[in-house]
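Got the model open in your viewer? Let's take a walk through it, one selection at a time.

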Amino acid sequence: MDRALLKEIVLEQREVIKNKDLGIEREKLDLIEGSIKLPHAIVISGIRRVGKSTLLAQIMSKFYKYDAYYLNFEDERLMDFKVSDFNTLYEIFVELFGEKQVFFFDEIQNVKEWEAFVRRMYDRKFKFFITGSNASLLSKELGTKLTGRFVPVELFPFSFREYMRFKKYSLPDKALMLTKERGKIKRFFNGYLKEGGMPEYLKYKDLDILRRIYDDILYRDVVARYRIKEIKNLREMSLYFLSNLSALFSYNKLKQYLNLGSINTVKSFAEYLQNTYILFVINIFSFSLKQQFIAPKKIYCVDNALANAIAFKFSENRGKFLENVVFVELKRRGSEIYYHKTAKGLEVDFLVKKGRKVEKLIQVTLGMGKTGVKERELNALLSALEELDVKEGMILTEEEEKEIKLGGKKITVKPVYKWLLE
């Protein structure tokens, strides 16, 4: 790559990152702070425009006072950058800024074999902060060269707490005990349920921002990267998923519904979309891997507003969006998530596993006022608790809050907004 152009880009980008609006402090900074003194590379992954670059700027500002090297590989002028150019880049860094021990690289997956340079400099005691938007590429590349030498950090759209801070609401102590504050929190939650947590969209409230993110994911991160020719089929499948949040599906039925050539095509498309962090597929819980493999799956989206901007179904699917918010929060907390069906075919929305142990069973419903709804949710949860020998379960609702004790089992019923604030 042309040295003069690379030098120009480095200087420009340094000014951009130093003057970047740092926004609200992300909660992930606490996790990252605990790893600052480790030699390990910090690898931040997440969907496009979720705030990874801003988080890098926050880390640079808070912990290094910008005394580090930085380059964003999303710059179209770096399209010809190759792994062999890293030596030239390092030389330019030293020439311009002197000797530093820390590198910040944004969207590094755009450079093939980048991990070779990182490993070489890591062995020379350099510290790395890296972001990327492709889960599969990052894990594959890191697994080959940096096994055990990196700390993975998944960044999701704003949590409910971050959303309220973005809206300039400071949560007072014991706020949930105060009627007025509880009313404010509920109002914010109604907004969060619909508006999601993508920072740029929340700032400008322009649906075209979400549609552009979606198109970039589809065409740049999937079609271009995996050289997809069946673009129409990919779009239809993606739209189907976003229009059917929390619904059960099977690869075979989806193949027939979309008139696709093979199950392998469906599975590949689903995998590619998951790699971009826009969608997540979860399995049924079973001690049999074969059963997990053949049973129907469930689908969720990383952000309610993003799904709604593409599918336009929020009003009639409020319950599904409530469940989607719970799923994303479980992912944000690092949970291993499944859905569960009892021996009698009763479904529990979420089973959270920790190691080999079932940690939580969670149902999500708009409300339990209707007798049929209450019985369905309770029966499924109680049956699952009994079968799996778990003592406590949870039902998350919009409003209701109580404790139910039946047959030696305890079920906590609480509003989603309260659970999100725990």
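Start by selecting aspartate 221, which is found in helix H10 (residues 207-226). Helices and strands here are DSSP runs, numbered from the N terminus: H or I with at least four residues for a helix, E with at least two for a strand. Aspartate 221 is buried, at a relative accessible area of 5%. In this tour, buried means under 20% relative accessible area, exposed means over 50%, and partly exposed is in between (1.4 Å probe, protein chains only). Now add arginine 48 to the selection: its side chain makes a polar contact of 2.7 Å with the side chain of aspartate 221. A polar contact is a pair of N or O atoms within 3.5 Å; within protein, one must be able to donate a hydrogen and the other to accept it, and residues adjacent in sequence count only if both atoms are side-chain atoms.

A quick word on ground rules. What you're looking at is a predicted model, where local features need pLDDT of at least 70 and side-chain atom pairs count only at pLDDT 80 or more, while totals for chains, interfaces and linings use all residues. Residues are numbered from 1 along each chain as its sequence is written, and side-chain values use heavy atoms, with hydrogens and water left out.

Next up, the aromatic rings. How many aromatic pairs does the structure hold? There are 41 aromatic pairs. Rings of Phe, Tyr and Trp (its six-membered ring) pair if their centres lie within 6.5 Å; planes under 30 degrees apart count as stacked, over 60 as edge-to-face and the rest as tilted. Select phenylalanine 86 and phenylalanine 117: the ring centres are 4.4 Å apart and the planes are at 5°, so this pair is stacked. It links distant parts of the chain, with phenylalanine 86 in helix H4 (residues 86-97) and phenylalanine 117 in helix H5 (residues 114-122), 31 residues apart. Phenylalanine 86 is buried at 1% relative accessibility, and phenylalanine 117 is buried at 3%.

Then click on phenylalanine 103 and phenylalanine 105. They form a tilted pair, 5.5 Å centre to centre with 40° between the planes. Phenylalanine 103 is buried at 0% relative accessibility, and phenylalanine 105 is buried at 0% too. To see the wider picture, select the cluster that ring pairs link together: Tyr69, Phe73, Phe81, Phe86, Tyr90, Phe93, Phe97, Phe103, Phe105, Phe117, Phe126 and Phe128.

While you have rings on screen, look for charges on top of them. The charged end of arginine 333 sits over the ring of tryptophan 419, 4.3 Å from its centre. For lysine 298, the charged end sits over the ring of phenylalanine 350, 6.0 Å from its centre. The rule here is that NZ of Lys or CZ of Arg is within 6 Å of the ring centre and within 35 degrees of the ring normal.

Now for a hollow spot. The count comes to one cavity of 30 Å³ or more. On a 1 Å grid over the protein atoms alone, a cavity is a set of points where a 1.4 Å probe fits but cannot get out, and lining residues have an atom within 4 Å of a point. The largest cavity has a volume of about 90 Å³, which is the space filled by probe spheres set on the points, with grid points joined across faces, edges and corners. Which residues line the largest cavity? Select Pro157, Phe158, Tyr192, Gly196, Gly197, Val302, Asp303, Asn304, Asn324, Val325, Val328 and Arg332. Helix H16 (residues 318-332) gives the most to this lining, with four residues. By class, the lining has six nonpolar, four polar and two charged residues (Ala, Val, Leu, Ile, Met, Phe, Trp, Tyr, Cys and Pro count as nonpolar, Asp, Glu, Lys and Arg as charged, and the others, Gly among them, as polar).

Your next stop is leucine 306, in helix H15 (residues 304-311). Leucine 306 is buried, at 0% relative accessible area. Add methionine 198: the two C-alpha atoms are separated by 8.1 Å, though the residues are 108 apart along the chain.

Finish with two lysines in loops. Lysine 125, between H5 and strand E4 (127-132), has a positive phi of about 75° although it is not a glycine. Is lysine 125 buried or exposed? Lysine 125 counts as exposed, at 69% relative accessibility. Lysine 168, in the loop between helix H7 (160-166) and helix H8 (179-195), has a positive phi of about 65° and is not a glycine either. Lysine 168 is exposed, with a relative accessible area of 77%.

Note on methods: On a 1 Å grid over the protein atoms alone, a cavity is a set of points where a 1.4 Å probe fits but cannot get out, and a pocket is an open set with protein on both sides within 12 Å along at least five of seven lines; lining residues have an atom within 4 Å of a point.
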